[in-house]
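Here's a quick tour for anyone about to load this one into a viewer. Take a look at the sequence and the fold first, then read on.

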Amino acid sequence: MTVSQTIPAEESPFRRFLAQFAENRLALAGLVLMLLLAIPAITAPWIAPQNPYDIGALDILDSQLPPGSVAETSGMTYWLGTDSQARDVLSAVLYGMRTSLLVAFVSVSVSLLIGATVGLCAAYFGGWLDALLMRIVDIQLSFPAILVALIMLSILGQGLDKVIIALIIVQWAYFARTARGTALVERNREYILAARCLSLGWRRIIFCHLLPNCLPPLIVIATIDLAHAIALEATLSFLGVGVPVTQPSLGMLIANGFEFMLSGHYWISVFPGIALALAIIGINLVGDHLRDVLNPRNAQ
């Protein structure tokens, strides 16, 4: 009997992660739901029946048409109806989801970068720097996220880039707190002590040794924060302080049809609201199971 027959091949961490993730059907359903929403949103310029940015192609006579209506002039079928500006709701939802995902992904990525850097530096150096940075984080977290976002947008003004900046300012503290808590445990491990004995620079120790071992909880926070960013952007746009009126966004689409709800034109707000709810549910299902899979206590 050979050695290869007696010793089973060791499973890679990535394959182990995929196997554990696939065990949960709700997580797989959330992942499929995310892909079903993200892929059409990303490819919206090529698959959307109408370009909601092209004002010249809109016919005001086609405004507020119910789902399934056919335009008299172009013969186009509005499967989800049209809004008050004669925009195809299906196309607007695809472009709105594209905008919401863009805002959420960019803001969460930059927040993760800033927050992880602050938290890791605070835990590694400790002392007065740790106390100063964590007091800033405590002050940040003491205010409601929506309040901070409203204050920032009242200063910066409307615009897609302004919303992204406001969400970054709101979210970075969550990552800083999580990164610091994980790094406080990891900084006393043998591999960090060995790196210090080798006189490696603090940048290399933090970003090449400490950061990779602090990533699992940060990935979970980033996934959950992605849903929070989508909901917060939609809330700001619904309140009229987010993206401009001409910018298709799920929150703005819901706000545009809110005044017509009692008149029977439910589709203007309902379909964007359903898309928003499905996106948040799908991301939360994936994030909730990631928390269990990436938990080091469950590692075998």
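Which helix does Ile219 lie in? Ile219 belongs to helix α10.

## Ile219 and its distant partner

Keep in mind throughout that this is a predicted model. Ile219 has a relative accessibility of 39%, so it counts as partly exposed; the cut-offs here are under 20% for buried and over 50% for exposed.

Ile219 also pairs up nicely with Leu294 as an example of sequence versus space. The two are 75 residues apart in sequence, yet their C-alpha atoms sit 8.8 Å apart in space.

## How much to trust it

Average pLDDT for the protein comes out at 85, and 93% of the residues score at least 70. Confidence bottoms out in helix α1 (residues 3–6), with a mean of 49. At the other end of the scale is helix α5 (residues 89–125), where confidence is highest, at 93.

## Membrane annotation

The UniProt record, an unreviewed entry, marks "transmembrane region" at residues 26–48, 101–125, 137–157, 163–179 and 266–287.

Two of those spans are worth checking against the model. Residues 137–157 are 81% helix and 0% strand, with their end C-alpha atoms 25 Å apart. For residues 266–287, the model gives 95% helix and 0% strand, and the end C-alpha atoms lie 31 Å apart.

## The second largest pocket

If you're after cavities to poke at, the second largest pocket has a volume of about 440 Å³. It is lined by 19 residues, and Met34, Leu101, Phe105, Leu226 and Ile283 are the closest to its centre. The elements giving two or more residues to that lining are α3 (25–42), α5, α10 (202–238) and α12 (267–293).

Helix α5 provides the largest share of the lining, with 7 residues. What is the make-up of the lining by class? Sorted that way, the lining of the second largest pocket has 16 nonpolar, 2 polar and 1 charged residues.

## Ser111 in helix α5

Back to α5 for one more residue: Ser111 is found in this helix. Is Ser111 buried or exposed? Its relative accessibility is 0%, which puts Ser111 under the 20% cut-off, so Ser111 counts as buried.

What does the Ser111 side chain reach? It reaches the backbone oxygen of Ser107, at 2.6 Å. That distance falls within the 3.5 Å limit for a polar contact.

How values were computed
Residues numbered from 1 in each chain as written. Predicted model: local features only at pLDDT ≥ 70, side-chain atom pairs only at ≥ 80, totals over all residues. Heavy atoms only, no water. UniProt positions renumbered as here; feature names shortened; annotations may be inferred. Helix = DSSP H or I, 4+ residues; strand = E, 2+ residues; numbered from the N terminus. pLDDT = per-residue confidence, 0-100. 1 Å grid on protein atoms, 1.4 Å probe; cavity = no way out; pocket = protein on both sides within 12 Å on 5 of 7 lines; lining within 4 Å. Points joined across faces, edges and corners; volume = space filled by probe spheres on them. Nonpolar A, V, L, I, M, F, W, Y, C, P; charged D, E, K, R; others polar. Buried < 20%, exposed > 50% of the residue type's maximum accessible area, 1.4 Å probe, protein only. Polar contact = N/O pair within 3.5 Å; in protein donor to acceptor, adjacent residues only side chain to side chain.
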